[in-house]
Amino acid sequence: MTLNALQPWPFSSTLGESNYEAALRRYPGQAIVDLKAMCDNMRHLVEVVGGPKSGTAVMGVVKADGYGHGLIPSALAALAGGATWLGTAQPREALLLRMAGIDPKRCHILTWMFNGRNAPLPELIASDIDISLGSLDGIEAVAQAARKLGKPARVHIKTDTGFGRNGFTEAGFQAALDRLVPLAKEGVLDIVGQWSHFSVADAPDVPEFVEVTDRQLESFNRFTERMRQAGIEPRIRHIANTAATLSRPETRFELVRPGIGLYGYEADPAMGTPSKYQLRPAMTLQAQLSTVKGVEAGHGISYGRTYLTDEATSTAIVPLGYADGIHRSASGFDEAGAKHTSKPGGPVRVMTADGPRLMRVSGRVCMDQFILDLHGDAEAMGVREGDTVELFGPGRGEEHCEPTADDWARAADTISYEIFTCLRIRIPRLYLHAAEVLDAQDMSKLNAKTLL
Ligand SMILES: *Cc1c(COP(=O)(O)O)cnc(C)c1O
């Protein structure tokens, strides 16, 4: 008998169950993604902006392999939930969406990360993918590709309203307008949109940051006015990420671009937990324990002896390490040892004979594994090799022994976004509730072996 820190998964069929068993044989850790949660999250975000007829469309941001949840499954769940746009930073991922059969009649796709020299611009234009323009080199490259192809490129003008990343500054915008106006007239560029990005929209309770967002909006409007006066008024304006979509209605314009909200998280735990925003985390990361054994008091755990057991105890190996994307900064240091900094490691839900317990990474995270001090006798606790433990899931937070990616982010001094996107592809992604969310045609776009 092995113990499981999770509820049994609701397999759709015996095939789903055998896919699950095959995944466990293939790898001792699995990321299980609930497509219904993602679809519901998107449906909720569409409601938040006033519904499908509100005049504000919703883009599902699926960059970086759908924030590590899988590009195509995430895109399809977002569309099923009412998104009418998809967005990826890298052009390669935008092209993969079209290659998977997500065609232009179904949704627009915007991509924004390229340099004017090496990008696959003809492919993007031919595939009806909208392209961001935020540099003079970018304008020339896209115009040249469109001219050669004999097809206008759909472009969105990126304006730097204070984020200091991509886009034209207000000072540099005249030079851009001088090129954009004739190219629009020539019919080479179809200027669809104007866009920008917020720097601190995830701190609605910090007056100083709220004011920064106000100033970014004013700048955004000044850019629009200049485009209007130049005769190239954008049809679609967009600036809101998840945080602004949820907390600043006046930032919604014709399109919003939530990413982390689709995956069920708020942008910053300071905003509250996902449930405050009626969002449900979609991913659960689980693993099956390797060696479980007893050790004496004062035993050094892992590299550098940064953790010494304070009494006779049992330890268990979780077979995921930094090569899987488990942050080494989520290592846990001995709380008792005077020589070491005391720091709690990443949380893991472990099932014992007496119910769930929250254990923590003990000592340094290694390449392929980390160690848990079980703070007790494994045999008495009923904990055994092969038991399934949960690193994070949709739970109610650490205090209920149900850690979330936000808890791991806290332990690793980062954000949930990085927890998800660092998870390497060698960890199988398995999908729940696909058939409830997707029609047969979309189901056929997924790898059948990944469906539970
Ligand atoms: C990632 C990203 C988003 C989505 O941000 P979230 O905080 O995940 O909602 C929106 N727009 C741009 C330009 C992005 O890079």
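Modeller: Asp-128 is partly exposed, with a relative accessible area of 30%, and since what you have in front of you is a predicted model, I suggest we start from this residue and read outwards.

Colleague: Which side chain does Asp-128 meet in a salt bridge?

Modeller: The partner of Asp-128 is Lys-151, with 3.0 Å from N to O. This pair connects distant parts of the chain, for Lys-151 belongs to the loop between α7 and β6 (153–158) and Asp-128 to the loop between α6 (121–126) and β5 (130–133), the two being 23 residues apart. Lys-151, at 26% relative accessibility, also counts as partly exposed.

Colleague: How should I read a salt bridge inside a helix, and what is the distance between the closest N and O atoms of Asp-40 and Arg-43?

Modeller: The general idea is that an α-helix has 3.6 residues a turn, so residues three or four places apart point the same way. In this structure, Asp-40 and Arg-43 are three residues apart in helix α2 (residues 35–48), which separates them by about one helical turn, and their closest N and O atoms lie 3.7 Å apart. Both residues can be placed by accessibility as well: Asp-40 is partly exposed at 25%, and Arg-43 is partly exposed at 42%. The pair also belongs to a network of salt bridges that links Asp-34, Lys-36, Asp-40, Arg-43 and Arg-280.

Colleague: Are Arg-349 and Glu-402 buried or exposed?

Modeller: Arg-349 and Glu-402 are both buried, and their side chains meet in a salt bridge with 3.9 Å from N to O. Arg-349 is part of strand β13 (residues 347–352), while Glu-402 is in the loop between β16 (388–392) and α12 (405–412), so this salt bridge ties together parts that are 53 residues apart in sequence. Over the whole model, the count of salt bridges comes to 22.

Colleague: Let us move to helix packing; at what angle do the axes of helix α7 and helix α8 cross?

Modeller: Two packed helices are described by the angle between their axes and the distance between the axes. For α7 (residues 136–149) and α8 (residues 173–186), the axes come within 10 Å and cross at roughly 10°, and the two helices are therefore roughly parallel to each other. On the α7 side the contact is made by Leu-136, Ile-139, Glu-140, Ala-143 and Arg-147, and on the α8 side by Ala-175, Ala-176, Arg-179, Leu-180, Leu-183 and Glu-186. Sorted by character, the residues of this contact are seven nonpolar, no polar and four charged.

Colleague: Turning to strands, in what order do the eight strands close into a barrel?

Modeller: Strands of a sheet pair through backbone hydrogen bonds, either parallel or antiparallel. Here the barrel follows the order β2-β3-β4-β5-β6-β7-β8-β9, with parallel pairing. Strand β3 is a good place to look, being joined to strand β2 (residues 57–61) by three bridges and to β4 by four. Leu-86 in β3 stands opposite Gly-60, and Leu-86 also stands opposite Ile-109 in β4. Trp-85 and Gly-87 point one way from β3, Leu-86 and Thr-88 point the other way, and all of them are buried. Elsewhere in the barrel, strand β8 (residues 236–240) and strand β9 (residues 255–256) pair over two bridges, and Ala-240 stands opposite Val-256.

Colleague: What covers the buried residues of α5?

Modeller: The cover includes α3 (63–67), α4 (71–80), β3 (85–88), β4 (108–111) and α6. The buried residues of helix α5 (residues 91–99) are Pro-91, Glu-93, Ala-94, Leu-95, Leu-97 and Arg-98, and the helix is followed by Gly-101, whose phi is positive, near 100°.

Colleague: To finish, which strands stand at the edges of the open sheet, each with a single partner strand?

Modeller: That sheet has three strands in the order β11-β12-β15, with antiparallel pairing. Its edges are β11 (292–295) and β15 (370–373), each of which has a single partner strand, so one side of each is left without a neighbour in the sheet. Direction ignored, neighbouring strands of this sheet are turned by 30° against each other on average. Between β11 and strand β12 (residues 313–318) there are four bridges, and Lys-293 has Thr-315 in β12 as its bridge partner.

Conventions:
Residues numbered from 1 in each chain as written. Predicted model: local features only at pLDDT ≥ 70, side-chain atom pairs only at ≥ 80, totals over all residues. Heavy atoms only, no water. Axes fitted to C-alpha atoms, helices over the stretch in contact; angles between N-to-C directions. Parallel < 35°, antiparallel > 145°, perpendicular 65-115°, else oblique. Contact = heavy atoms within 4.5 Å. Nonpolar A, V, L, I, M, F, W, Y, C, P; charged D, E, K, R; others polar. Salt bridge = Lys/Arg side-chain N within 4 Å of Asp/Glu carboxyl O. Buried < 20%, exposed > 50% of the residue type's maximum accessible area, 1.4 Å probe, protein only. Pairing = 2+ DSSP bridges.
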